Amino acid sequence: MTGYAQLWRAAPADWSSAGVAWRGLADPVRRRRRGLAAGVGTLRTGWSGGAAGAAGARLGGLRAELGGLLPVLIEADQVLAEFAGRLRAAKARLAAAVALADRSGVQIDRDGVASAAPVPARPRWTGPEAGGFPSGVPTRPPGTGGPAEVARVAAVVREALALADAADREAADRLDELAAAGRTGWVAPPPPGRPAADAAPALVRAWWAGLTPAQRRWLVLHEPGRVGRLDGVPVTARDQANRLLLADRRDALSADLRELSAGPGDRAARRRVEAALAGLDGLAGRLAVAGPPRAYLLGLDERGDGRAIVALGNPDRSAQVLTYVPGMTADLADAPGELSRAARVLARCAGVAPDEETAAVLWLDYDAPDFLHEAAWPAQARDAGPALHHFQEGLRATHEGPPARQTVLGHSYGSVVVGNAARDHGLAADALVFVGSPGVGVDRAEALRLPSGQVWASTAADDVIRWVEPPAQLTGRAALATSPLATAVSLLRPDDHELWFGHDPVDPGFGGRTFPSARYGHTGYWEPDNPALDGMARIVLGRPVTP
C-alpha cells in the first residue's frame with residue numbers, strides 16, 4: 001500500500017523517462033530486422049541447397065521474433081507513462097490536502113495522519129517532484145483546526161493515497177502480463193472474421209474484448225492499417241499499430257525517394273514523395289517528445305495532403321477529453337503546429353485542475369480546404385461529418401470507468417465541420433465550442449442537438465472572419481454601392497448577423513453562450529495571455545467560465 005512519505009518522494013518524471021527508454025529500443029530492433037532481411041536476400045543470391053534453406057528459415061524466424069517485440073516496447077512505454085501521469089495527479093491531490101491543512105489549522109504528521117494536535121515542525125516542501133515533506137505557510141495557527149476540518153483534510157489525503165495505490169497495482173499487473181507473455185509467446189493468430197471499417201464502435205469494442213492479449217498483439221503487428229483506424233479499438237492498441245505503420249511508411253517512402261533520385265525520374269512524383277516523407281518525419285518528431293503528456297497516434301494517412309489523429313494523454317483513461325478540429329489549409333505537415341494548440345488548452349486545464357486527468361485530441365481526419373474558393377462552400381465539411389461522428393462514438397465506446405466529459409472544438413472552417421456533423425449526425429459530446437467561426441451551418445444553437453447552455457463561441461473583435469458575408473449579401477451590397485439610396489438603405493437595414501455558413505454563433509440571437517477573447521486576430525485564441533484560452537480550458541473541465 002502506498003504511504004504518505006512514499007508518495008511525496010515519488011518522481012513521476014523518472015517513470016516517464018523509463019518508458020521513453022523502452023520505446024527507444026524500437027529503432028535498434030527495426031535496424032536489426034532490416035539487417036536480417038538483407039542477409040536473407042544475400043543468401044538467396046549466393047547459396048542454395050538444404051543448408052541454405054535452413055539458414056534462411058532461421059533468419060526469417062529471428063526477424064519475426066524481433067517484429068513481435070515492437071508492439072511490446074511501445075506498450076511498456078504506455079504503461080509507464082500512464083503510471084507517471086496518475087502519480088502526478090495523486091501528488092497534486094496530496095499538495096491540495098497540505099494546502100487545505102495549512103489554511104485550516106490542521107496538522108499532518110509524517111505518516112499522513114491529520115489531527116488538531118500540534119506535531120513537530122516539518123521541513124519545507126520544495127515541489128511535487130522533490131523528496132521531503134510539504135510545508136506551506138499556515139493561515140491559521142497550527143493545532144486550531146476542529147473535527148470537521150480534520151475530517152476534510154484526512155479525506156483528501158486518503159483520496160490521494162488511494163489513487164496512487166490503484167495506479168501502482170494496475171501498472172504492476174500490466175507489466176506482469178507483459179513479462180508472462182514473454183514466456184508463453186507474444187503473439188498468436190486470432191480467429192477469422194474482422195469488423196468492417198464502418199462497423200459500430202460498440203460492436204468493434206465487443207469484438208476486441210473477446211480476443212486474447214496475444215491475439216490482439218498479432219493484429220497490431222500484422223494488420224496495423226486495420227487496427228489503427230478502427231473506432232472502438234482501445235487507444236493503446238491504435239497507438240501501437242499506427243506507430244508501427246508510421247515507421248513502415250517512412251521506410252517505404254525513403255526507398256521510393258532513393259529510387260527516384262537514382263535516375264532522371266518523374267520530378268512531380270519526387271516532390272510528392274518528399275512532401276509525404278517530410279510530413280511523416282515532422283509527425284514522428286512530435287511523437288518522440290518525452291512529454292508529459294504522452295502522445296498517442298490514433299490515425300494516419302500520408303496520401304494527398306495527409307491526415308492524422310493524435311491524442312495528448314490517453315482519452316480512454318481521462319475524465320475530460322477535448323477533440324480539436326482545425327480549419328482551412330490544415331494538413332499532415334501542419335499536424336505538429338496544430339497539436340501545439342491542443343497542448344496549450346491541455347496545459348491550461350492542468351493549471352486550473354492539476355489533480356484531474358484530461359486528454360486533448362487533434363482530429364485532422366478530413367480534407368480541409370486549401371483555397372478560399374473551396375472554403376466558401378460546405379461540401380468538405382459535410383463529407384467530414386460521418387467520420388467525426390464515428391470517432392466521437394468510438395471515444396465513448398472505449399472509455400474506461402464513468403463516461404468522460406467530451407468537448408468538441410472547431411476553429412474557423414473546423415467549426416463548420418463540427419456544426420455540420422452535430423446537425424446531420426449528432427456528436428457524442430457534452431459541449432461544443434466554436435472559435436473564429438464563419439457560421440456553423442445552423443441558425444439556432446438547439447439545431448446542434450445539445451442543450452444551448454453547452455454550445456459556446458468566441459470571436460475576437462479584430463478577427464477577419466467577422467467580415468465574411470454570404471454570397472447573397474455580397475451581391476446586394478455590390479448593387480447598393482451603385483445606388484444614390486445606399487446610405488439611407490444601410491441605415492434602415494437591420495444587422496442580421498449572417499455569416500457565410502449561417503447565423504453568427506457569438507450573437508445572442510443564436511442562443512448559445514459566449515466567452516471573451518482579446519484582439520489577437522483569427523489565429524490568436526491560443527495565446528497564453530488571451531482570456532479565450534482560459535475559457536476553452538474551463539469549458540473542457542466543466543468549470544464556470546469568466547464572462
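Here a trainee and a mentor talk through a pocket, a strand and two loop residues in a predicted model.

Trainee: Let's start with the largest pocket: how much space lies in it?
Mentor: Rolling a probe the size of a water molecule over the atoms shows where empty space is left. For the largest pocket, that space comes to about 700 Å³.

Trainee: Which residues are the closest to the centre of the largest pocket?
Mentor: The lining is made up of 33 residues. By character, they divide into 16 nonpolar, six polar and eleven charged. Those closest to the centre are Gly 85, Arg 88, Pro 292, Pro 293 and Thr 358.

Trainee: And which helix gives the most to that lining?
Mentor: Helices α2 (12-24), α4 (50-104) and α11 (335-352) each supply at least two lining residues. The one that gives the most, with nine residues, is α4.

Trainee: Now to strand β6, residues 358-364: how many of its residues are buried?
Mentor: In a regular strand the side chains alternate between the two faces of the sheet. One side of β6 carries Thr 358, Ala 360, Leu 362 and Leu 364, and the other carries Ala 359, Val 361 and Trp 363. Both faces are covered, and the number of buried residues is seven of seven.

Trainee: Does β4 run parallel or antiparallel to β6?
Mentor: Strand β4 (residues 307-312) is joined to β6 by five bridges. Within this pair, Ile 309 stands opposite Trp 363. The two strands run antiparallel.

Trainee: What is the hand of the crossover from β5 to β6, right or left?
Mentor: Strand β5 (residues 320-325) runs parallel to β6, and five bridges join them. Leu 322 has Ala 360 as its bridge partner in β6. Between these strands the chain passes through α11, and this β-α-β crossover is right-handed.

Trainee: Thr 329 has a positive phi, so where along the chain is Thr 329 placed, and how accessible is it?
Mentor: Most residues other than glycine have a negative phi. Thr 329, with phi near 75°, has a positive value. Its place is the loop between β5 and α11, and Thr 329 is partly exposed, with a relative accessible area of 37%.

Trainee: Is Arg 449 buried or exposed?
Mentor: Arg 449 also has a positive phi, near 70°. This residue sits in the loop between β8 (431-435) and β9 (455-458). Exposed means over 50% relative accessible area; because the value for Arg 449 is 51%, the residue is exposed.

Methods. Residues numbered from 1 in each chain as written. Predicted model: local features only at pLDDT ≥ 70, side-chain atom pairs only at ≥ 80, totals over all residues. Heavy atoms only, no water. 1 Å grid on protein atoms, 1.4 Å probe; cavity = no way out; pocket = protein on both sides within 12 Å on 5 of 7 lines; lining within 4 Å. Points joined across faces, edges and corners; volume = space filled by probe spheres on them. Helix = DSSP H or I, 4+ residues; strand = E, 2+ residues; numbered from the N terminus. Nonpolar A, V, L, I, M, F, W, Y, C, P; charged D, E, K, R; others polar. Buried < 20%, exposed > 50% of the residue type's maximum accessible area, 1.4 Å probe, protein only. Pairing = 2+ DSSP bridges. Right-handed = clockwise from strand over helix to strand, strands pointing away.
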